[in-house]
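Trainee: I would like to learn how to read a protein model step by step. Could you take me through one?

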Amino acid sequence: MACALKATFARFKPHLSMVLAQICSAFLFFITEAAFNQGLNPYVYVTYRLSLAGLLMFPFAYFLERKSRPKLTLRLFLELFSVSLLGIALSFNMLFASMRCTSPTFVTAASNNVPSLTFVIAILFRLEVVDVKSPRGIAKILGTLISLAGVTTITLYKGPALQSLRDAPIHIKRVLSIRENWVKGSILTIASCMTWSSWYIMQAFALKKYPAQLSLTAWIDCLGGAQSAVFAVFLQHKPAAWSITMFSINFWAIIYSGIVGTGFIVFLQLWCVKEKGPVFATVFNPLQTVTVAVLAYFVFGEKLHTGSVLGGVTVIIGLYLLLWGKERDQCYTKSQKQSSSHCDVIKVTDEEEVASAEKEGA
């Protein structure tokens, strides 16, 4: 019984890891929104968040991977610099800037196109194989198309709003002046999704050259923090914007996002990319959308629009078709390897028997 439970846990460990990562990310959006409404600048927030995560991850990476960490060459450093710039600095700054123009529910719903974009890019770089003649290949293609249709619905169709709950336990006081440009917010969200998808692919290549996951997380966070700091200095010239009051909502938002949102979650994502590939690590994004929508409506008393609900349901159906196709692919690949290994054993045995017969005949 214990062995069976252990084997089941080992099989679904990547799934459980990504579920945990998405739930933690969902809470992060609301904490961040509350901090933004208290005046926290998004570029300053991203800089502090990444810098804190890098500083916390560095000692663990240094001591735990001292022997397994590969040598850092100039070429590898430049590659890590590019991964950090595209996947952390640019993605996070555009994502949280877009949230000031829209809402956490919209941002998480629109970010569901990340798995589909990642799937398409993975095919182009031959990290993903699609057999259009098999049910698993058709499921992956249909899943991608259905999820893209859902994302299009979310982006282009807002629809009537569902009445919010007046007796919700928590109400986030909004500053309406930062919610005036949904077009700008939509463009920033889509751009961040594109860079985010590319980041997952770049992670897969980076892990092949630098397989030390803790060290890679620390490097990405530290470099991303430095890059974001340069970006923030150009856009935010007021020194007061960099001042954070101890134990305020802004302070706790940075602490939570640095420790959990960047350090812990990025490490889990890197591990899942290494174990299951970049597409698998993105397939669980809809869970974040569902969690945000549930929290937004039942806990924080936000309005939900029918476009987000319909689009979100469509995206979830499509993405889990894609997940089913990927699981079938892995089972097929595993059976092919076992069959090939069995054939090799039979071939070696036959050769040994022939050699033995020749010796007896001689």
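Mentor: We will go from the overall build to single residues, keeping in mind that this is a predicted model.

Trainee: How many helices and strands are there in the chain, and in what order do the elements run?

Mentor: A good habit is to list the elements before looking at any side chain. Here the chain has 12 helices and 2 strands, and from the N terminus on they run α-α-α-α-α-α-β-α-α-α-α-α-β-α.

Trainee: What share of the residues counts as buried, and what share of the contacts joins residues 24 or more positions apart?

Mentor: Of the 362 residues, 48% count as buried. Among contacts with a separation of 6 or more, 90% are between residues 24 or more positions apart. The accessible surface of the chain comes to about 18,500 Å², and 68% of that surface belongs to carbon and sulfur atoms.

Trainee: Which residues touch the most other members of the largest nonpolar core?

Mentor: That core has 54 residues, and those touching the most other members are Y45, F96, W199 and L216. If we leave out residues up to four places away in sequence, Y45 touches L28, T32, F36, L40, F96, A253, I254 and S257. Apart from the largest core lies another core, of 6 residues, including A26, F30, V292 and A296.

Trainee: Is C272 buried or exposed, and what about C24?

Mentor: Buried is the word used for a relative accessible area under 20%. C272 counts as buried because its value is 0%, and C24 is likewise buried because its value is 15%. As for disulfides, the structure holds 0.

Trainee: Which residues form a nonpolar patch on the surface?

Mentor: The patch is formed by V132, I138, I141, L142, L145 and L148, which together have about 480 Å² of accessible area. One of them, L145, has its place in helix α6, residues 135-156. With a relative accessible area of 52%, L145 is exposed, since that word is used for values over 50%.

Trainee: Why can side chains of opposite charge pair, and how many salt bridges are counted here?

Mentor: Such side chains can pair when their charged atoms come close. The count here comes to 1 salt bridge, in which the side chains of E79 and K209 meet at 3.0 Å, N to O. This pair links distant parts of the chain, with E79 in helix α3 (residues 74-101) and K209 in helix α7 (residues 182-209), 130 residues apart. K209 is partly exposed, with a relative accessible area of 45%.

Trainee: Where does Q236 lie, and which residues does Q236 touch?

Mentor: For a loop residue, it helps to name the elements on either side and then to look for contacts. Q236 lies in the loop between α8 (213-235) and α9 (249-276), and Q236 is buried, with a relative accessible area of 15%. Not counting residues up to four places away in sequence, Q236 touches N41, V44, A241 and W242. The C-alpha atoms of Q236 and P42 are separated by 9.9 Å, although these residues are 194 residues apart along the chain.

Trainee: What is phi of F247 near, and is F247 buried or exposed?

Mentor: Phi of F247 is near 65 degrees, which is a positive value in a residue other than glycine. F247 lies in the loop between α8 and α9, and F247 is exposed, with a relative accessible area of 57%.

Key. Residues are numbered from 1 along each chain as its sequence is written. This is a predicted model: local features need pLDDT of at least 70, side-chain atom pairs count only at pLDDT 80 or more; totals for chains, interfaces and linings use all residues. Side-chain values use heavy atoms; hydrogens and water are left out. Helices (H or I, at least four residues) and strands (E, at least two) are DSSP runs, numbered from the N terminus. Buried means under 20% relative accessible area, exposed over 50%, partly exposed in between (1.4 Å probe, protein chains only). Contact means heavy atoms within 4.5 Å. Accessible areas come from the Shrake-Rupley method with a 1.4 Å probe; for residues, only the protein chains shown count as cover. A disulfide is a pair of cysteine sulfur atoms within 2.5 Å. Patches are made of residues with over 30% relative accessible area and no salt bridge: like charges are joined within 9 Å, nonpolar side chains (Val, Leu, Ile, Met, Phe, Trp, Tyr) within 5 Å. A salt bridge is a side-chain nitrogen of Lys or Arg within 4 Å of a carboxyl oxygen of Asp or Glu. A nonpolar core is a set of buried Ala, Val, Leu, Ile, Met, Phe, Trp, Tyr and Cys residues joined through side-chain atoms within 4.5 Å.
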